[in-house]
Amino acid sequence: MTFTGRVAGGTAAPGVPVIVSREPLTAAALPQMMVVDDPRGRYRYPLLQFIVDWNLSSDPATLVADPPAYRGDDPFLLPAVAVVVHALADRARVPIPGWVLGHRAPRDVMLFGYRFDGAYARWVRQRSLDVCSFHRVWFHPRTLDKGTPDWWLPWD
């Protein structure tokens, strides 16, 4: 597959492969991406890409320094960001930003929209990290491995 686009110093010639780079996602940038309808789930792509960017970052604390802002009506959006940041920071022994502890969901939910009352939710909840209980947003801990060499290993 080839892409044509701007590269340093000009425009690529037609048919010449171009590597397009971007800045890593930050926690502050997530809300605007998480409100976009997506058949895979509104939160899935942004949060998984954020986890990849965190895992590949040489200074992940900079990705969570600025708090996310959201003024919409989804009471689960900021708790979803907070639980992921909390879990990643705990695992990396990075100081947890103060804004993280201010976000809890009004009821227990699964991170990516799965039913909370089904067998899958029970399976995930048994394996989840302690931070999931605090934020009331549950996910399997292997989700945090996205972007690492271990991502492909069996989850259980």
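**Notebook: patch, salt bridges and rings**

I started with the surface and found a nonpolar patch of about 240 Å², built from I96, L101 and F134. A reminder to myself: this is a predicted model. I then looked up where I96 belongs, and the residue falls in the loop between α3 (77-92) and β3 (109-110). I96 comes out at 32% relative accessibility, so I put it down as partly exposed.

F134 turned up again when I went through charges over rings. The charged end of R104 sits over the F134 ring, 5.2 Å from the ring's centre.

**Salt bridges**

How many salt bridges does the structure hold? I get four. My reminder on the principle is that side chains of opposite charge can pair when their charged atoms come close.

I took R91 and D145 to begin with: their side chains meet in a salt bridge, 2.8 Å from N to O. The pair links distant parts of the chain, with R91 in helix α3 and D145 in the segment after β4 (137-138), 54 residues apart. On accessibility, R91 has a relative accessible area of 37%, so I call it partly exposed. D145 has 14%, and because buried means under 20%, D145 goes down as buried.

D145 has a second entry in my list. R142 also forms a salt bridge with D145, and here the closest N and O atoms are 2.4 Å apart. Both R142 and D145 are buried. Putting these entries together, I have R91, R142 and D145 linked in a network of salt bridges.

Next I checked R136 and D108, whose side chains meet in a salt bridge at 3.3 Å, N to O. This pair, too, links distant parts of the chain: R136 is in the loop between α5 (130-135) and β4, D108 is in the loop between α3 and β3, and their positions lie 28 residues apart in the numbering. Are R136 and D108 buried or exposed? R136 is at 25% relative accessibility, so it counts as partly exposed. D108 is at 19%, which is under the 20% cut-off, so it counts as buried.

**Aromatic rings**

I searched the whole structure for aromatic pairs and got three. For the notes below, a pair of rings is described by the distance of the centres and the angle of the planes.

F116 and W138 are one of the pairs: the ring centres are 6.4 Å apart and the planes stand at 40 degrees, so I logged the pair as tilted. F116 lies in the loop between β3 and α4 (119-127) and W138 lies in strand β4, so the pair ties together parts 22 residues apart in sequence. F116 is partly exposed at 24% relative accessibility, whereas W138 is buried at 6%.

Y120 and W123 are another pair. Their ring centres are 5.9 Å apart with the planes at 25 degrees, so this pair is stacked. Both residues lie in helix α4, three residues apart, which is about one turn of the helix. I have Y120 as partly exposed, with a relative accessible area of 39%, and W123 as partly exposed too, at 28%.

One last look at W138: what lies over the face of its ring? I found R125 there, at 4.5 Å from the ring centre. So my page for W138 shows a tilted pairing with F116 and R125 over its face.

Definitions and conventions. Residues are numbered from 1 along each chain as its sequence is written. This is a predicted model: local features need pLDDT of at least 70, side-chain atom pairs count only at pLDDT 80 or more; totals for chains, interfaces and linings use all residues. Side-chain values use heavy atoms; hydrogens and water are left out. Patches are made of residues with over 30% relative accessible area and no salt bridge: like charges are joined within 9 Å, nonpolar side chains (Val, Leu, Ile, Met, Phe, Trp, Tyr) within 5 Å. Accessible areas come from the Shrake-Rupley method with a 1.4 Å probe; for residues, only the protein chains shown count as cover. Helices (H or I, at least four residues) and strands (E, at least two) are DSSP runs, numbered from the N terminus. Buried means under 20% relative accessible area, exposed over 50%, partly exposed in between (1.4 Å probe, protein chains only). Rings of Phe, Tyr and Trp (its six-membered ring) pair if their centres lie within 6.5 Å; planes under 30 degrees apart count as stacked, over 60 as edge-to-face and the rest as tilted. A charge sits over a ring if NZ of Lys or CZ of Arg is within 6 Å of the ring centre and within 35 degrees of the ring normal.
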